[in-house]
Each structure stands twice: as C-alpha cells, then as structure tokens.
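Please consider the structure shown below, together with its sequence. The paragraphs that follow lead from a single helix to the contacts between domains and chains, and then to some details of the backbone.

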Amino acid sequence: MNTELSAGLAKVRTRFLIELEKRRAVLNYAYGRLDDDAARAEAIEEICSIAHKIAGTAGTLGFGELGAHAATTEDAIRQHLDGQAVDDATIRAEIIQLIDLAGRSQSNE
Amino acid sequence: MKILAVDDDEIIRELLSEILNALGYASVVLAESGQEALDILEATTDPFDCLLFDIQMPGMDGISLVSQLRNTVEYARTPILMITAMADRKYVDSAFAAGATDYITKPFDIQELDSRLKLIDALVTERKQQQDRNPVNWSGADNAIMNPADTSQRLHIVDVDGVIDYLSLENYLLQMSRAALFGNCVFSVAVKDAKHIFRGASQYEFQFAMTDVAEAISDCLKPFKFFVAHAGEGDFACVRDTGRSFDQKEFQTAVAQRLREMDLYYCDGRPMVLHAVVSEPVQLDWRSSRSSVNALLKTLQNAESEANALETSPKQNGAFTRRLFG
C-alpha cells in the first residue's frame, strides 16, 4: 500500500471512529424504543440503516469483525421485516452485540 | 478518467475519494443522492467517463438511477460500477438488467476495486480510440446508416428484455457465487454465415438484424430468468436458470420459428433470412465464477463451429446468397 493511500485511509478511519460513537448512541436510543409499539417500526428502520452503513465500510477500514456482525444484524432485520422466521429475541441479541462491538472497536483504538 | 461516485454514506464518499486519488484518478466528483447525481450530470459540459453507484440510498436508489441514465444519449454506454452492500442475487440481477457494467460488494477490497477500475479505464480508452478513428459511427449522424457494417464489434443492444452488453454478462457471472449459479446453464447462439450475410450490409442493417435476433432469443427465454449478450459477428452468449430443463434442439426450433414470424427485410426491401444455431448448454452447478465464464466462451466457440459445420451445398449457398443480395 502506498504512503498516500495509507495516510488517506488513516484519515477516514479516524472519521469512521468519530462517526461510530454517534452511531452507537443512535443504536442505543433506537434499541430502547423497540418496546414502544408506536416507535418500534421507525427504530428498527434506523438500526437497519446504521448496520448497513457500518457493514459497508468497517471491513475496508480494518474493523472486520464489527463489519461482519453489522452485516449479520442487517440481514436478520431484513429477514424479520420480510416476515421470515427470525424472532424478536434474535434481533435484539444481534443489536446488543453490535452495540458492544462498536464500543470495543472505539476503546481498542 | 473522470469519475462520479454516488453514496449516501459520508464515510464511503470520503473513503472512495481517498482511494481513487491514491490510485491516480484525480478527477473525482462525489454526490450523496441519486437526485444530486442527476443534477451534476445535467449541469456538466464535460461528460463523466465512469460512474460508481451505491444501490441502497434514500429517495432514488442506485438501480433506478442506472435505468434513468441508460435512457439518455450521453450515458447510454458509460461504464457503471455498482458498489453496494446488497449481495443478494435479486439486487445483482436487477442492477445488471438495468444496465450496470460491473458490481462490487462492500466492504470492498482496495486491490479488487483497483483492478475493476483498470478494466473500466481500458474500456474507456478503447472506446475513445474507436471514436477518434471513426467519429461518424459514434456521432449517431444519419450517414452512419450507410457505413459498412463492422461485424467484429460487440453491439450495444437496447430495449430488448434481458439483453445486456457482453462485458456486463461476463461480470455478472464473475459476481455470482457458486451457490447462486447452481441450476443455471450457459449456451450460445450463432447466426449461420453471418460474415457472408452482412458483407456489404450497412452498420444500420447489421445493428437491426442483431437486435431482431436478440429479440427472438429473448422472446423464447421469456418464462425464465436470463441474460443474453451480443458477442460480435452473429454470436450471442446466454445464461439461463433451470438449466437442466434446457433443450437445445427445441430452443433452436423456437428461435427459428420466431425469426420466421419476424419476416425480416433489408433496407432495400429484400428479405433477410437468418438461421440461428444453438450450442449444447453447459450446466454451471458448483462451477466457480471464472470457470463459468470459461464455459460461456466454450459455448460461443461451439455454436460457431456448429454453424460453420452445417452442410450447405454450393447450389443452395448460391441461391441463398442471391436471395439476400439480388
């Protein structure tokens, strides 16, 4: 990898971690709204959208485990929304693990 | 190469900007939505050479954006690389059906992105060279109608269901996993004596005849999921699902029947008689994507060989040629 690319990736990685902190806060807040029937649909959409974004970039920036789990979470939510056999407990467990991994990715830096 | 990259995620836009600059692509414009991309494309006087689109975006998604651009003159053939986290076959199929040139899944590997962009860059350079050599054929000017047909070119055929560019078809196979290709087959169709038939014909006649053949193939594949691409001369490469039920002879008869129904003519009113020969299919079960592309190439060779091997007595041949060229 050339120096210019390494420097560029380091810059984006820093930005990703700053953004990840905000995304983690949104995930936590949205998770808390899953029990509220009126807010649940919007909360699920929000979590899915954040998982999608993390899944799209984390791997390229060196956060492979976080990216892979974000993809699993997104996939589980999409299956759940499509009416496939993914239950609520599974979705919640995936989201909790995603929040946890996001936190660990930040603290490891 | 002037690039427009569209993604609603700011981190991806920054990442692409850094990577593309480091790879030597200095002219990169970023957009955060389909609508912003359309506004930029409309406002620019110097068209972009390559477009990179995400699929999942609020408002207009990347697939709708491809469809919209393929209906414009400026971007009908511009290479479009989808960069998306949507790896499901339904998204891959929809993107290629809409006119995508290539597809790469996020998180992307930088080396892989680099190699795909190099291929696109080579294609852009080759097209520019062709355009410089023969500006009339590329200008869409009326006199292009009378230019002699260049049958070696792989044609860009529009408005026929399931018909995509040849490069896109190869990229489609390369993108698919072994599991996704399971149950599919590849085969090819060759127009017999294409070189003879179109010797002396115009580019216009060649383009329209090949579009008609593509339509005949597409019509006969309608019940299935499929892609067809013109592969130069009178050759077409095809991929179809439920490959085990594909019957070569039955399909050849169906295409021949459809071509007869089309009742084709040259510009001067002479009837144009086209005979299509279909290769044996190759089942793609458990093949790797690269091996699937090789299988496709093999069926193209086979279709050509079968077309060339068809017995035609000199007398019949003469009658055939007279019927075509008077």
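**From one helix to the interfaces**

In this predicted model, helix α10 of chain B covers residues 203-220, which makes 18 residues. From its first C-alpha to its last it reaches 26 Å, close to the 26 Å expected at 1.5 Å a residue. Which residues of α10(B) are buried? Among them are F206(B), A209(B), M210(B), V213(B), A214(B) and I217(B). The list of buried residues in α10(B) also includes Q203(B), E205(B), T211(B), S218(B) and C220(B). To read such a list, it helps to recall that an α-helix has 3.6 residues a turn, so residues three or four places apart point the same way.

The next step is from a helix to the whole of chain B. This chain is divided into domain 1, residues 1-133, and domain 2, residues 143-326. The C-alpha centres of these two domains of chain B lie 29 Å apart. Where they meet, 16 residues of domain 1 of chain B are in contact with 14 residues of domain 2 of chain B. The area buried between the two domains of chain B is about 1300 Å², and carbon and sulfur atoms give 53% of it. On the side of domain 1 of chain B, the residues that lose the most area to domain 2 are R77(B), R89(B) and F96(B), which together account for 44% of what that side buries.

What kinds of contact are counted between the domains of chain B? The count of salt bridges between domain 1 and domain 2 of chain B is zero, whereas six residue pairs are in polar contact, both residues being at pLDDT 80 or more. Three elements of chain B, namely α4 (89-98), β5 (102-105) and α5 (110-133), give two or more residues to the side of domain 1 that touches domain 2. The largest share of that side comes from α4(B), with five residues.

Chain B also meets chain A. This contact takes 21 residues from chain A and 18 residues from chain B. Between them, the two chains bury about 1800 Å², with 62% of it on carbon and sulfur atoms. How many salt bridges are found across the interface of chain A and chain B? The rule finds five. In one salt bridge, R15(A) is paired with E14(B), and the closest N and O atoms are 2.9 Å apart. Across the interface of chain A and chain B there are also five residue pairs in polar contact, with both residues at pLDDT 80 or more. On the side of chain A that touches chain B, α1 (3-32), α2 (37-57) and α3 (64-81) of chain A each supply at least two residues. Helix α1(A) gives the most to that side, with 10 residues.

Finally, some loops of chain B deserve attention for their backbone. A cis peptide bond, with omega of about -5°, joins K106(B) and P107(B). P107(B) is found in the loop between β5 and α5 of chain B. Another loop of chain B, between α6 (135-139) and α7 (166-175), holds D159(B). Phi of D159(B) is near 60°, a positive value in a residue other than glycine. Is D159(B) buried or exposed? Its relative accessibility is 77%, so D159(B) counts as exposed. D263(B) likewise is not a glycine and has a positive phi, of about 55°. D263(B) lies in the loop between α11 (248-262) and β9 (276-278) of chain B, and its relative accessible area is 46%, so D263(B) is partly exposed.

Methods
Residues are numbered from 1 along each chain as its sequence is written. Chains are lettered from A and ligands numbered from 1 in the order in which they are written. This is a predicted model: local features need pLDDT of at least 70, side-chain atom pairs count only at pLDDT 80 or more; totals for chains, interfaces and linings use all residues. Side-chain values use heavy atoms; hydrogens and water are left out. Helices (H or I, at least four residues) and strands (E, at least two) are DSSP runs, numbered from the N terminus. The expected span of a helix is 1.5 Å times one less than its number of residues. Buried means under 20% relative accessible area, exposed over 50%, partly exposed in between (1.4 Å probe, protein chains only). Domain bounds come from an automatic or database domain assignment. Contact means heavy atoms within 4.5 Å. Buried area is the accessible area (1.4 Å probe) that two parts lose on being put together, summed over both. A salt bridge is a side-chain nitrogen of Lys or Arg within 4 Å of a carboxyl oxygen of Asp or Glu. A polar contact is a pair of N or O atoms within 3.5 Å; within protein, one must be able to donate a hydrogen and the other to accept it, and residues adjacent in sequence count only if both atoms are side-chain atoms.
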